[in-house]
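Please open the structure in a viewer and keep the selection tool at hand. The stops below move from one sheet to another, then to the ligand and to some details of the backbone.

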Amino acid sequence: MTRLIDGKAVAAKVRAEVAQGVAEYRARHGRAPGLHVVLAGEDPASAVYVRNKERAAAEVGMAGRVHRLPSSVGTEALLALVRELNQAPEVDGILVQLPLPPSAHAEPVLLAIDPAKDVDGFHPVNVGALWTGAPGLVPCTPRGCLRLLDELGVELAGARALVIGRSNIVGKPMAALLLGRSATVTVAHSRTRGLQELCREADVVVAAVGRAKLVKASWLREEAVVIDVGMNRDEAGKLCGDVDFEDVHGHVAALTPVPGGVGPMTIAMLLENTLRAARARAGD
Ligand code: NAD
């Protein structure tokens, strides 16, 4: 029997916790935590993501707004906006939606964000804090994966954890979080040899690859807990993960579906990061 991990339900629980925290923050400080999103250009997927973030922030009672800039915007104008948001006391979280239009460079813009307001957790100061175990803001998707593992009650200390993928957004911070919980972590990537053998040894597998249905049941132990971060389209154009759900379901101990697993957790953790940032800035 495979336990399906209901990311929607856990995300709803996180959002309710955040809404409670926002109400308490507002009572104490006379204002709600503020999330400010910078959206440059007309990328349709980015527009949808930003709308979802805006709606989710409003639902938990947060303040803030979306700063829309034209697709011709240059790096300097973005830097000026980020500096302004860094200085503004009512701004607790700054998120620059990627990708930026070709007229702007992402790296200097992301580096300019005040690490205390960097709710995406991409700034090197926060990356360093994560790897050294210091307090900081942690990228939303891996934090969401960890929360799902915690909700399941998975014992991570001493567990063999395999992270497939080494991106700065998912794979590397996921590895750091699991290491922080004393798991024995292996990070696999496009140059890894013997991926199937590594999977067979793992108690926990986090797949963040971007390859539809890559991971098969025959690769996995029956005791394995499998977190599927992938968001891909299959041959029929249907949304699917990096794990072959039909094949793996029924074979492992627990599995996240796609959609409805990790996906809903990302925005929930963004809200949580914004509340954390607000509390930390206020010295709560
Ligand atoms: P990425 O392309 O930056 O990184 C993919 C990683 O997979 C790379 O490190 C690469 O080395 C590795 N890889 C590629 N082919 C491999 C193979 N055959 N075997 C082993 N490793 C291989 O992608 P990303 O940003 O980390 O995202 C990964 C997936 O997660 C994508 O499908 C993305 O859409 C999804 N994603 C979902 C969410 C969410 O909220 N649910 C958030 C971020 C990313």
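Two strands are taken to pair if DSSP finds at least two bridges between them. The model toured here is predicted.

**First stop: the sheet of six strands**

Select the six strands that form an open sheet in the order 1-11-8-7-5-6. The pairing in this sheet is parallel. At its edges stand strand 1 (3–4) and strand 6 (184–188), each of which pairs on one side only.

Next, select strand 8 (residues 225–228) together with strand 11 (residues 254–255); two bridges join these parallel strands. Within this pair, V225 is found opposite A254 of strand 11.

Now add the helices that lie across this set of strands. Helix 6 (residues 140–152) lies across strand 1, strand 7 (204–207), strand 8 and strand 11, and runs at about 150° to strand 8. Helix 7 (residues 171–180) lies across strand 5 (160–164), strand 6 and strand 7, and its angle to strand 5 is about 170°.

**Second stop: the sheet of three strands**

Select strands 3, 2 and 4, which form an open sheet in the order 3-2-4 with parallel pairing. Strand 3 (63–69) and strand 4 (93–96) are at the edges with a single partner strand each, so one side of each has no neighbour in the sheet. On average, neighbouring strands of this sheet are turned by 15° against each other, with direction ignored.

Which residue of strand 3 is the bridge partner of L39? Select R68 to see the partner of L39. Strand 2 (residues 34–40) and strand 3 run parallel and are joined by seven bridges.

Two helices pack on this sheet. Helix 2 (residues 44–59) touches strand 2, strand 3 and strand 4, and its direction makes about 165° with that of strand 2. Helix 3 (residues 75–87) also touches strand 2, strand 3 and strand 4; the direction of helix 3 makes about 175° with that of strand 2.

**Third stop: the ligand**

Select the ligand and the 20 residues around it; R166, S167, S190, M231 and T266 come nearest. How many residues of this shell are nonpolar, polar and charged? The shell has eight nonpolar, ten polar and two charged residues.

Three side chains can then be displayed with the ligand:

- T266: a polar side-chain atom is 2.7 Å from an oxygen atom of the ligand.
- N232: a polar side-chain atom is 3.3 Å from an oxygen atom of the ligand.
- R211: an N or O atom of the side chain is 3.4 Å from a nitrogen atom of the ligand.

Taken alone, the ligand exposes 860 Å², of which the protein buries 73%.

**Fourth stop: details of the backbone**

Most residues other than glycine have a negative phi, and most peptide bonds are trans. The following selections show departures from that pattern.

Select L98 and P99, which are joined by a cis peptide bond with omega of about 5°. P99 belongs to the loop between strand 4 and helix 4 (106–112).

Move on to V258 and P259. The peptide bond from V258 to P259 is cis, and its omega is near 0°. P259 sits in the loop between strand 11 and helix 10 (263–282).

Finally, select S182, in the loop between helix 7 and strand 6. Is the phi of S182 positive or negative? The phi of S182 is positive, near 70°, in a residue other than glycine.

Technical notes:
Residues numbered from 1 in each chain as written. Predicted model: local features only at pLDDT ≥ 70, side-chain atom pairs only at ≥ 80, totals over all residues. Heavy atoms only, no water. Helix = DSSP H or I, 4+ residues; strand = E, 2+ residues; numbered from the N terminus. Axes fitted to C-alpha atoms, helices over the stretch in contact; angles between N-to-C directions. Contact = heavy atoms within 4.5 Å. Near = heavy atom within 4 Å. Polar contact = N/O pair within 3.5 Å; in protein donor to acceptor, adjacent residues only side chain to side chain. Areas by Shrake-Rupley, 256 points an atom, 1.4 Å probe, with all protein chains shown as cover. Nonpolar A, V, L, I, M, F, W, Y, C, P; charged D, E, K, R; others polar.
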